[in-house]
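Welcome to this short tour. Please have your viewer ready and a selection box open.

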Amino acid sequence: LNRQAYAIADLGRPKSAALRDRIARINPYLDVRATQARLTPENAVPLFADASVVCEAFDDPVGKAMLTESLLLGRGDLAVVGASGMAGHERADTIVTRRVGRRWWVCGDETSDIGTGAPMVAPRVMACAGAQAILAIRLVLGLEQ
């Protein structure tokens, strides 16, 4: 809960439903649809069929790779914004956004890893998520090539 937009009242609820309800409280004029599904290489493309940008936020490196590969190979028109390297206590300005491919960007410091014993702390996770959100907005507005 300390790194995400959930409250104690959300414990036991699916993350997708809790986040949908939180977004609706912030802006009731948005059309937010929540889907609860286990992502697989077979269903990743259909689940994101209506998306033009997907922000990947998996903790699991295998899940990150599966989603990114499935979407980049399965959808020639989709942009993927991933995250890598936000653990530890380094300054937030070490979080950068780098274009990896024609339709793939990665936000983070690309070096820190929770597996090395460096904890995930909310401010660095938020800095990385903020970088992803800004890039997603820029992509939707056509400000990135």
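How many bridges join β3 to β4, and do they run parallel or antiparallel? Select both strands: five bridges join them, and they run antiparallel. Helices (H or I, at least four residues) and strands (E, at least two) are DSSP runs, numbered from the N terminus, and two strands pair if DSSP finds at least two bridges between them. Before going further, note that this is a predicted model, where local features need pLDDT of at least 70 and side-chain atom pairs count only at pLDDT 80 or more, while totals for chains, interfaces and linings use all residues. Residues are numbered from 1 along each chain as its sequence is written, and side-chain values use heavy atoms, with hydrogens and water left out.

**The sheet**

Stay with β3 and β4, which form a hairpin with two residues between them. Show arginine 99 as sticks and you will find tryptophan 105 of β4 opposite. Now widen the selection to the whole open sheet, where four strands follow the order β1-β2-β4-β3 with mixed pairing. β1 (53-55) and β3 (96-101) stand at the edges with a single partner strand each, so one side of each has no neighbour in the sheet. From one strand to the next, the twist averages 20° (axes are lines fitted to C-alpha atoms, for helices over the stretch in contact, and angles run from 0 to 180 degrees between N-to-C directions).

Next, pick β1 and β2 (residues 79-83), a parallel pair with three bridges. Here valine 54 stands opposite valine 80.

**The helices on the sheet**

Add helix α3 (residues 61-74), which lies across β1, β2 and β4 (104-108) and runs at about 165° to β2. Then add helix α4 (residues 122-140): this one packs on the sheet, touches β1, β2, β3 and β4, and makes about 170° with the direction of β2. Contact means heavy atoms within 4.5 Å.

**The loop between β4 and α4**

Select aspartate 109, which lies in this loop. Aspartate 109 is buried, with a relative accessible area of 14% (buried means under 20% relative accessible area, exposed over 50%, partly exposed in between, with a 1.4 Å probe and protein chains only). Leaving aside neighbours within four places in sequence, its contacts include Ser84, Gly85 and Arg124. With arginine 124, aspartate 109 forms a salt bridge, the closest N and O atoms being 2.6 Å apart. Arginine 124 lies in helix α4, so the pair ties together parts that are 15 residues apart in sequence. A salt bridge here is a side-chain nitrogen of Lys or Arg within 4 Å of a carboxyl oxygen of Asp or Glu.

Step along to glutamate 110, in the same loop between β4 and α4. Its phi is positive, about 60°, although glutamate 110 is not a glycine. Most residues other than glycine have a negative phi. Glutamate 110 is partly exposed, at 32% relative accessible area.

**More salt bridges**

The structure holds ten salt bridges. Try glutamate 56 and lysine 64, whose closest N and O atoms are 2.8 Å apart; glutamate 56 is buried at 2% relative accessibility, and lysine 64 is buried at 18%. Then select Asp10, Arg13, Arg20 and Asp21, which are linked in a network of salt bridges. Within that network, arginine 20 and aspartate 21 meet at 3.1 Å, N to O.

**Last stop**

Finish with aspartate 50, in the loop between α2 (44-47) and β1. Is this residue buried or exposed? At 73% relative accessibility, aspartate 50 counts as exposed.
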